[in-house]
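Student: I would like to learn how to read a few features of a structure. Could we take them in turn?

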Amino acid sequence: MSHHPSLTMAALCSVGGIAGFVRTRSVPSLVAGVAIGSLYGVAGYLIKENKDYGHETAVAASALLACGMLPRAIKSGFKKPVPAAMAVLSITAGTYYVKKVIEYS
């Protein structure tokens, strides 16, 4: 069951990157969204198949997403909903997967 948050984040990031590109023609949004979404997708697959480094991959994806979205959310004073929501979700997912890494250690 711990693969569900990872796969949900994969879908959110990928769809968000594509939506950002369609709306503003922002290639960085497309590349970053699909890349982070793919990383979460790989993590979800590894976790579901009970392979090594799935939770660690999800932690890495969460850290990358937080590093990208948290400064944007702070800069806007948390008034822009997408950076604020993605920052909170990435920190929440990261915390969850750090807990899982510690449990399995």
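Student: Does Leu-46 count as buried or exposed?

Tutor: The model is predicted, and its accessibilities are computed values. Burial is read from relative accessible area, with under 20% taken as buried and over 50% as exposed. Leu-46 has 17% relative accessibility, so it counts as buried. This leucine belongs to helix α2.

Student: How far apart are Leu-46 and Ser-105 in sequence and in space?

Tutor: Read the two separations side by side. Leu-46 and Ser-105 are separated by 59 residues in sequence and by 17 Å in space, C-alpha to C-alpha.

Student: What are the two separations for Ala-60 and Gly-94?

Tutor: In sequence they are 34 residues apart, and their C-alpha atoms are 8.0 Å apart in space. Ala-60 is placed in helix α3. Its relative accessibility is 36%, so Ala-60 counts as partly exposed.

Student: Next, backbone angles. Which sign of phi do most residues other than glycine have?

Tutor: For most of them phi is negative. A positive value in such a residue can then be picked out and placed in the chain. Here Asn-50, which is not a glycine, has a positive phi of about 60 degrees. Tyr-53 also has a positive phi, near 65 degrees, and is a residue other than glycine.

Student: Where are Asn-50 and Tyr-53 found?

Tutor: Asn-50 is in the loop between α2 and α3, and Tyr-53 lies in the loop between α2 and α3 as well.

Student: What are the relative accessible areas of Asn-50 and Tyr-53?

Tutor: Asn-50 has a relative accessible area of 71% and is exposed. Tyr-53, at 59%, counts as exposed.

Student: Now pockets. What is the volume of the second largest pocket, and which residues lie nearest its centre?

Tutor: A pocket is read from its volume, then from the residues that line it. The second largest pocket has a volume of about 210 Å³. Its lining has 14 residues, and those nearest the centre are Asn-50, Lys-51, Gly-54, His-55 and Tyr-104. Two or more lining residues come from each of α2, α3 and α4. By class, the lining of this second largest pocket has five nonpolar, five polar and four charged residues. Asn-50, with its positive phi, is thus met again at this pocket.

Student: How much space lies in the largest pocket, and how many residues line it?

Tutor: The largest pocket holds about 640 Å³ of space. Its lining is made of 22 residues, with Gly-16, Gly-17, Ser-29, Met-69 and Val-82 nearest the centre.

Student: Which helices supply at least two residues each to the lining of the largest pocket?

Tutor: The helices α1, α2 (27-48), α3 (54-75) and α4 (81-104) each do so. The largest share is that of α1, with eight residues.

Student: How do the lining residues of the largest pocket divide by class?

Tutor: There are 12 nonpolar, eight polar and two charged residues in that lining.

Student: Last, the surface. Which residues make the nonpolar surface patch of about 240 Å²?

Tutor: To read a patch, look at its members and at how accessible they are. Ile-18, Val-22 and Val-34 make this one. Ile-18 sits in helix α1, which covers residues 4-24. A patch member needs over 30% relative accessible area. Ile-18 has 42% relative accessibility, so it counts as partly exposed.

Definitions and conventions: Residues are numbered from 1 along each chain as its sequence is written. This is a predicted model: local features need pLDDT of at least 70, side-chain atom pairs count only at pLDDT 80 or more; totals for chains, interfaces and linings use all residues. Side-chain values use heavy atoms; hydrogens and water are left out. Patches are made of residues with over 30% relative accessible area and no salt bridge: like charges are joined within 9 Å, nonpolar side chains (Val, Leu, Ile, Met, Phe, Trp, Tyr) within 5 Å. Accessible areas come from the Shrake-Rupley method with a 1.4 Å probe; for residues, only the protein chains shown count as cover. A salt bridge is a side-chain nitrogen of Lys or Arg within 4 Å of a carboxyl oxygen of Asp or Glu. Helices (H or I, at least four residues) and strands (E, at least two) are DSSP runs, numbered from the N terminus. Buried means under 20% relative accessible area, exposed over 50%, partly exposed in between (1.4 Å probe, protein chains only). On a 1 Å grid over the protein atoms alone, a cavity is a set of points where a 1.4 Å probe fits but cannot get out, and a pocket is an open set with protein on both sides within 12 Å along at least five of seven lines; lining residues have an atom within 4 Å of a point. Grid points are joined across faces, edges and corners, and a volume is the space filled by probe spheres set on the points. Ala, Val, Leu, Ile, Met, Phe, Trp, Tyr, Cys and Pro count as nonpolar, Asp, Glu, Lys and Arg as charged, and the others, Gly among them, as polar.
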